[in-house]
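Here is a quick briefing to read alongside the coordinates. Pull the structure up and follow along.

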Amino acid sequence: MRNPFFDAIARGDGGTGAADRLVDLPVSGTNPGALRARAYVPARLAEHPALVVVLHGCTQTAAGYDHGSGWSRLADRHGFVLLYPEQDRTNNANLCFNWFEPGDIARGQGEALSIHQMIEAVVVAHGIERDRIFVTGLSAGGAMASVMLATYPETFAAGAIIAGLPYGCATNVQHAFGAMRSGGRTRPDALAELIRRASDHDGPWPDVSVWHGSGDATVNPDNADAIVAQWLPLHGIAGAPHVTDVVNGYPHRAWRNADGRIVVEAYSITGMGHGIPLDTNDAGSVEVAGPYMLDTAISSSQRIAEFWGLCSNTSAQSDAVGRAQHMDPGISGTNLTHRVAQARRLYPDPKPAPVVEVRRIIDDALRRAGLLK
């Protein structure tokens with residue numbers, strides 16, 4: 001008897017039944033990790049297009065993850081390019097990126113090098129701004145996003161790790177399961193040293209957004225704190241968060257660097273299990289709920305894009321650029337991208353004034369007074 005899930009994987013939709021919006025890219029470079037390259041290029045690109053690298057989780061395909069997370073629909077709105085590296089079953093039977101294999105998580109080797117080669121090919125093909133390259137992923141894809149940020153930190157302006165793990169916390173399958181269960185107890189300075197040793201880069205370091213469900217029984221939520229602890233020393237930060245607030249009902253923490261810019265943030269999605277948080281009920285939603293795509297009334301894709309300053313084809317973004325340049329005249333490049341994102345957080349887009357239906361208000365008042373039926 002045929003399994004419909006594996007039939008769906010063969011179709012490329014990850015079991016969602018959705019149309020595949022991605023296209024295959026020719027294999028570039030040596031591709032030592034033997035990964036498949038898939039991409040999405042919107043019909044209208046921004047003047048200075050960004051690139052978002054998206055890494056799916058175990059048992060998922062690139063097309064299925066895109067359908068649920070809505071990244072390609074965000075790309076349509078804001079004109080950035082998407083790269084979806086995709087795992088092959090011959091590399092990992094469960095379609096997990098091998099975030100725990102020494103030969104796949106070192107700079108210049110295996111899957112990490114394959115992804116970097118794909119990035120270079122897309123940058124050249126589509127005129128991507130080199131200071132506007134980002135990476136995100138879920139679960140094993142989140143752990144692989146940690147790998148990419150650590151091994152090629154000069155490539156990325158920022159990353160977002162969803163239900164993932166810190167770089168270097170496992171070097172074999174046994175260690176990987178242990179880290180997933182416990183979240184580890186490594187000291188922050190030792191965690192940061194793992195990243196320092198992963199390349200000869202000496203800063204500046206990518207910004208990091210961390211997302212995790214407090215009810216995750218697959219990857220211990222303590223891993224979120226470990227990721228934060230790994231990156232804070234690299235940004236020269238120690239101690240309590242500079243921002244502690246609630247966003248859409250969920251705890252949010254953020255840390256600022258010496259320039260006052262938010263460089264590390266963390267969301268804890270209360271009660272959520274293993275998956276990516278979505279908001280499918282919002283009028284402008286781009287996401288679709290499904291396995292590991294969990295409707296929690298907060299859109300991680302949208303908020304990550306805003307954190308990175310990717311909402312660039314709107315008048316609100318132009319206003320944010322103006323605010324950023326007012327805050328720091330002469331700012332440009334990566335620093336402008338980061339400052340724009342901060343400006344949008346400090347000065348959110350104005351909400352339109354509610355429509356006041358004067359006639360209905362008068363009629364309601366007359367009815368209450370018994371003067372109108």
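What follows goes through the cavities, then a run of strands, then a pair of helices.

Keep in mind that this is a predicted model. The count comes to 2 cavities of 30 Å³ or more. Past those, there are two antiparallel strand pairings to look at, E8 with E9 and E9 with E10, plus the packing of helix H2 and helix H3.

**Largest cavity**

- Start with the largest cavity, which holds about 40 Å³ of space.
- Its lining is made up of Val 27, Ser 28, Asn 31, Leu 35, Ala 37, Ser 114 and Met 118.
- Sorted by class, that lining has 4 nonpolar residues, 3 polar ones and no charged ones.

**Second largest cavity**

- The second largest cavity comes in at about 30 Å³.
- Around it you'll find Leu 25, Pro 26, Ser 28, Ala 37, Met 118, Ala 121 and Val 122.
- Ser 28, Ala 37 and Met 118 turn up in the linings of both cavities.
- Helix H4 (residues 110-126) gives the most to this second lining, with 3 residues.
- The class split for the second largest cavity is 6 nonpolar, 1 polar and no charged residues.

**Strands E8, E9 and E10**

- Strand E8 (residues 243-247) runs antiparallel to strand E9 (residues 250-256), and the two pair over 5 bridges.
- To find your way along that pairing, look for Val 246, whose bridge partner in E9 is Pro 251.
- The hairpin of E8 and E9 has 2 residues between the strands, and Asn 248 takes a positive phi near 50 degrees there.
- On to the next pairing: E9 also pairs with strand E10 (residues 262-269), again in the antiparallel sense and over 5 bridges.
- Here His 252 is a handy marker, with Tyr 267 as its bridge partner in E10.
- E9 and E10 form a hairpin too, this one with 5 residues between the strands.
- In that turn, check Gly 260, which has a positive phi of about 85 degrees.

**Helices H2 and H3**

- Helix H2 (residues 62-69) packs on helix H3 (residues 71-78) at an angle of about 65 degrees, and their axes are 6 Å apart.
- On the H2 side, the contact is made by Asp 66, His 67 and Ser 69, while H3 brings in Trp 71, Ser 72 and Arg 73.
- Taken by class, the residues of this H2 and H3 contact are 1 nonpolar, 3 polar and 2 charged.

Key: Residues are numbered from 1 along each chain as its sequence is written. This is a predicted model: local features need pLDDT of at least 70, side-chain atom pairs count only at pLDDT 80 or more; totals for chains, interfaces and linings use all residues. Side-chain values use heavy atoms; hydrogens and water are left out. On a 1 Å grid over the protein atoms alone, a cavity is a set of points where a 1.4 Å probe fits but cannot get out, and a pocket is an open set with protein on both sides within 12 Å along at least five of seven lines; lining residues have an atom within 4 Å of a point. Grid points are joined across faces, edges and corners, and a volume is the space filled by probe spheres set on the points. Ala, Val, Leu, Ile, Met, Phe, Trp, Tyr, Cys and Pro count as nonpolar, Asp, Glu, Lys and Arg as charged, and the others, Gly among them, as polar. Helices (H or I, at least four residues) and strands (E, at least two) are DSSP runs, numbered from the N terminus. Two strands pair if DSSP finds at least two bridges between them. Axes are lines fitted to C-alpha atoms, for helices over the stretch in contact, and angles run from 0 to 180 degrees between N-to-C directions. Contact means heavy atoms within 4.5 Å.
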